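Me: I am new to this structure. Please take one part, look at it closely, and then work outward to what surrounds it.

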Amino acid sequence: MVARLRCPVCTQPLAAATDTRALRCPRRHSFDLARQGYVTLLAGRAPHVGDTAEMVAARADFLAAGHYDMISSALAGAAASALATPTGPAGAGGSEGVGFGAYPLVVEAGAGTGRHLAAVLAAWPDAVGLALDVAKPALRRAARAHPRAAAALADTWQRLPLADRSVAVLLDVFAPRNGDEFHRVLHPAGVLLVVTPTDAHLAELVDVLGLLRVDPAKADRVADSLAGRFTPKHTAVHAARLTLDRAEVATLVGMGPSAWHTDPARLAAAIDALPTPVTVTASVRLTAWRPR
């Protein structure tokens, strides 16, 4: 894993320091390993702190209840399908044949707690994983999401702390997309898996809670952000009916952009007025992109 990491200051390779719990480059830039298991790989201060510990705990409980397992399963299946080789799926020994090496790297940008990353690793026994996020509470959980996963605090909008062409699978679930950097770090035979909401996502809650609607041009905006660097190879819509209590509805809303654009008191009152249980549609579009 460490061999694929790069110094965010000078882009030189990183290695484990012998005199302290840190990663260090040949130019002596040093990055401490937190006792919770993650490493901070930033050239400066983080642009924002991300989710709070309370928000991350609620999200972890929501995901642990299995509400978004259909996304995790779809990602695992898409990764296996995209990386199938003449010798079989990557998880069956085909990964080395396409140049990924003995331990292909799966990276999730904006990984949160790392649950989706863990699902892909569970389906791909040869692989190792890296969760990238700016929220320390999320990274503490992501570092423990899977025995073959590591976690790093990194800003997706800046240069990623990874070597060129070092990533076999790059996951982006409801997260920002840095097309130039994604292309730089992705192996030519690798795949970028992007998950975005469809216009049916949480549709039952939009009017009653005053949530933001999914932009009808969302798919076009995603394509524009990756234009010139990637080619879409396969797209599929995955949907599930969720049965939630009010606390889970609050967590679900807090996981999306409406949390930043809705008056908290008004939103809380609207959620309290919902009849329970609440049935809502989760609907996402998963697209596999290949680097050009």
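**One threonine and the sheet around it**

Reply: The side chain of threonine 287 makes a polar contact of 3.1 Å with the side chain of threonine 235. The model is predicted, so read each detail below as a property of that model.

Start with the place of this residue. Threonine 287 belongs to strand S11, which covers residues 278-291. Is threonine 287 buried or exposed? Its relative accessible area is 9%, so threonine 287 counts as buried, the cut-off being under 20%.

Now its surroundings. Setting aside neighbours within four places in sequence, threonine 287 touches Leu192, Leu193, Val194, Pro232, His234 and Thr235. Thr235, then, is both a contact and the partner in the polar contact. Strand S10 spans residues 230-244 and strand S9 spans residues 186-197.

Take the S9 side next. Valine 194 of S9 stands opposite threonine 287. The two strands, S9 and S11, run antiparallel and are joined by six bridges. Valine 194 has a second partner: aspartate 172 of S8 is bridged to valine 194 in S9. S8 and S9 are parallel, with six bridges between them. The chain gets from S8 to S9 by way of helix H5 (residues 179-185), in a right-handed β-α-β crossover. S9 is mostly covered, with ten of its twelve residues buried.

Step back to the whole sheet. How many strands does it have, and in what order? There are eight, in an open sheet with mixed pairing, ordered S4-S7-S6-S5-S8-S9-S11-S10. The edges are S4 (38-40) and S10, and each of these pairs on one side only. Neighbouring strands are turned by 20 degrees against each other on average, direction ignored. Strands in a sheet pair through backbone hydrogen bonds, in either a parallel or an antiparallel way.

A helix lies over this end. H2 crosses S8, S9, S10 and S11, and runs at about 20 degrees to S11. H2 comprises residues 69-82, which is 14 residues. From first C-alpha to last, H2 reaches 20 Å, close to the 20 Å expected at 1.5 Å a residue. Its buried residues are Met70, Ile71, Ser72, Ala74, Leu75, Ala76, Ala78, Ala79 and Ala82. In an α-helix there are 3.6 residues a turn, so residues three or four places apart point the same way. The cover over the buried residues of H2 includes S8, S9, S10 and S11, along with helix H3 (115-123).

Now follow the sheet the other way, to S6. Why is S6 called largely enclosed? Six of the six residues of S6 (128-133) are buried, so the rest of the structure largely encloses this strand. Val128, Leu130 and Leu132 point to one side. Gly129, Ala131 and Asp133 point to the other.

S6 has a partner on each side in the sheet order. S5 (residues 105-109) pairs with S6 in the parallel sense over five bridges. One of these links valine 106 to glycine 129. S5, H3 and S6 form a right-handed β-α-β unit. S7 is also parallel to S6, again with five bridges. Leucine 130 stands opposite alanine 150 of S7, and leucine 132 stands opposite alanine 152. S6, helix H4 (residues 136-142) and S7 make up a right-handed β-α-β unit as well.

S7 is mostly covered, with four of its five residues buried. Three bridges join S7 to S4, and these strands run parallel. There, tyrosine 38 is the bridge partner of alanine 151. That brings us to S4, one of the edge strands.

One last stop is a loop. Aspartate 164 sits between S7 and S8. Beyond neighbours within four places in sequence, aspartate 164 touches Arg159, Arg184 and Val185. With arginine 184 there is a side-chain polar contact of 2.7 Å. Arginine 115 is 49 residues from aspartate 164 along the chain, and their C-alpha atoms are 25 Å apart.

Technical notes. Residues are numbered from 1 along each chain as its sequence is written. This is a predicted model: local features need pLDDT of at least 70, side-chain atom pairs count only at pLDDT 80 or more; totals for chains, interfaces and linings use all residues. Side-chain values use heavy atoms; hydrogens and water are left out. The expected span of a helix is 1.5 Å times one less than its number of residues. Buried means under 20% relative accessible area, exposed over 50%, partly exposed in between (1.4 Å probe, protein chains only). Contact means heavy atoms within 4.5 Å. A polar contact is a pair of N or O atoms within 3.5 Å; within protein, one must be able to donate a hydrogen and the other to accept it, and residues adjacent in sequence count only if both atoms are side-chain atoms. Two strands pair if DSSP finds at least two bridges between them. A crossover is right-handed if, with the strands pointing away from the viewer, the path from the first strand over the helix to the second runs clockwise. Axes are lines fitted to C-alpha atoms, for helices over the stretch in contact, and angles run from 0 to 180 degrees between N-to-C directions.
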